[in-house]
Amino acid sequence: MYNHCNTEKRKQMDRIEIHVGKHDDGYSCTEEIFVSLLQWLHSEYQFIFRDCWMFEYQKNVNISKRLVFDPHIGTNLEYAKQYYGIELIKKNIINNFVDEVIKLIHRGYVVPLEINGFWCHWLVQYNRKNVEHAIILNGYNEEKEEFECIDPYYEKEDIKIPLGEVVNGSICYYCYCLVNLSLRSYKLQDEISNLCENYIKRDSLTNLKRFQTEVTNSFEEFCNQLSGNYTDSVFYQSIDKYRRSRKKFFYFVKYLKKDNECDFMDVLLEKSDELRRRWNNLQKYLLKIFISNTMIDGKQHVINYINSIVENEGKILLFMMKYVGKDI
């Protein structure tokens, strides 16, 4: 575990050693800063994604905007404290917030930061487009008035970013403290029950079936609303988030299986892997037919992909509910 003692000595330091791992497209840029932070603290991290298996669909808006994804459900930082004894605290940007950030770095803490990519000079969006991004500040040079950071999403280290661009671009930052560093014990049956309850609580299967019906019955309207701006649309972003959420769901099942070798987990891992592939194929196919301008022609394939996803999610839910002895 990283030692935050010897404060006076650390005040003389302006850089903390932290490295990026290999980028995984199952994680967003913000999720990757949490993964990197927890790994740096020699902690596990899979439980913060425990609730990622869900599906939301809202009414009374254009069909292209009905698909939504709540990132606070998909990544629950409360679980870092509950399961690992590490409390992560989101801090809003206020006047002179950089003073606290600099003090944290001098005390040996790295600082996860959500920032507007418009101010990140290593991104293609720099000075061109507003886009949410996330980095970890791990150094500060008082003489040059610049921070040093790492970018886990793009696997970049030793990035220098001027103080003014951090001030202009910052959205929020995170502090952390070690509450009771340990991995809380858990029971497999309880965790499977939690997965089912979270999925059901959000009416995920009902929402999926509503999505399935409306895309099937209104495909032309759906295509018309997406034409011209598909990759910038809420729909595209949400589909990609659900693709990633099913990959994280697969990773979580794989994580549980590591300590729970049994026939049930073998089957569940296989089923979650198949579900991950189906969501991935749907996302790729939608992008393909948009780029090739053949969205209308691809109607039946899109419907088939969605039908198979609904069928598989229902089977996974039923399979897990039987394991914990409950009815849907």
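**Figure 1. Cysteines and the absence of disulfides.** The structure, a predicted model, holds zero disulfides. For Cys172, the closest cysteine sulfur belongs to Cys175 and lies 11 Å away, which is too far for a bond. A pair of cysteine sulfur atoms would have to be within 2.5 Å to count as a disulfide. Cys172 is buried, with a relative accessible area of 2%. Cys223 is also buried, at 4% relative accessibility.

**Figure 2. The pairing of strands E4 and E8.** Strand E4 covers residues 111-116 and strand E8 covers residues 170-178. The two strands pair in the antiparallel sense, over three bridges. Cys172, the buried cysteine of the previous view, takes part in this pairing: in E8, Cys172 is the bridge partner of Glu114.

**Figure 3. The six-stranded sheet and helix H2.** The sheet is open, and its six strands run in the order E3-E8-E4-E5-E6-E7 with antiparallel pairing. Strand E3 (86-92) and strand E7 are the edge strands, each of which pairs on one side only. On average, neighbouring strands of the sheet are turned by 35 degrees against each other, direction ignored. Helix H2, formed by residues 29-40, packs on this sheet. The strands that H2 touches are E3, E4, E5 (132-141) and E8. The direction of H2 makes about 40 degrees with that of E5.

**Figure 4. Two positive phi values, at Glu155 and Asp158.** Most residues other than glycine have a negative phi. Glu155 is not a glycine, yet its phi is positive, at about 55 degrees. Glu155 sits in the loop that joins strand E6 (146-151) to strand E7 (156-162). With 41% relative accessibility, Glu155 counts as partly exposed. Asp158, another residue other than glycine, has a positive phi near 55 degrees. Asp158 is found in strand E7, which is an edge strand of the sheet. The relative accessibility of Asp158 is 42%, so this residue counts as partly exposed.

**Figure 5. Helix H5 and the glycine that follows.** Helix H5 spans residues 97-106, and seven of its ten residues are buried, so the helix is largely enclosed by the rest of the structure. The buried residues in H5 are Phe97, Val98, Val101, Ile102, Leu104, Ile105 and His106. In an α-helix, residues three or four places apart point the same way, because there are 3.6 residues a turn. Gly108 comes just after H5 and takes a positive phi of about 95 degrees.

**Figure 6. The crossing of helices H11 and H12.** Helix H11 is made up of residues 263-291, and helix H12 of residues 299-323. Their axes come within 10 Å and cross at roughly 160 degrees. An angle over 145 degrees counts as roughly antiparallel, and H11 and H12 are therefore roughly antiparallel to each other. The crossing in which H11 passes H12 is left-handed.

**Figure 7. The surroundings of Asn312.** Asn312 is placed in helix H12. At 15% relative accessibility, Asn312 counts as buried, because the limit for this class is under 20%. Leaving aside residues up to four places away in sequence, Asn312 touches Glu274, Leu275 and Arg278.

Key:
Residues are numbered from 1 along each chain as its sequence is written. This is a predicted model: local features need pLDDT of at least 70, side-chain atom pairs count only at pLDDT 80 or more; totals for chains, interfaces and linings use all residues. Side-chain values use heavy atoms; hydrogens and water are left out. Helices (H or I, at least four residues) and strands (E, at least two) are DSSP runs, numbered from the N terminus. Buried means under 20% relative accessible area, exposed over 50%, partly exposed in between (1.4 Å probe, protein chains only). Two strands pair if DSSP finds at least two bridges between them. Axes are lines fitted to C-alpha atoms, for helices over the stretch in contact, and angles run from 0 to 180 degrees between N-to-C directions. Contact means heavy atoms within 4.5 Å. Angles under 35 degrees count as roughly parallel, over 145 as roughly antiparallel, 65 to 115 as roughly perpendicular and the rest as oblique. A crossing is left-handed if the near helix is turned anticlockwise from the far one by less than a right angle, and right-handed if clockwise.
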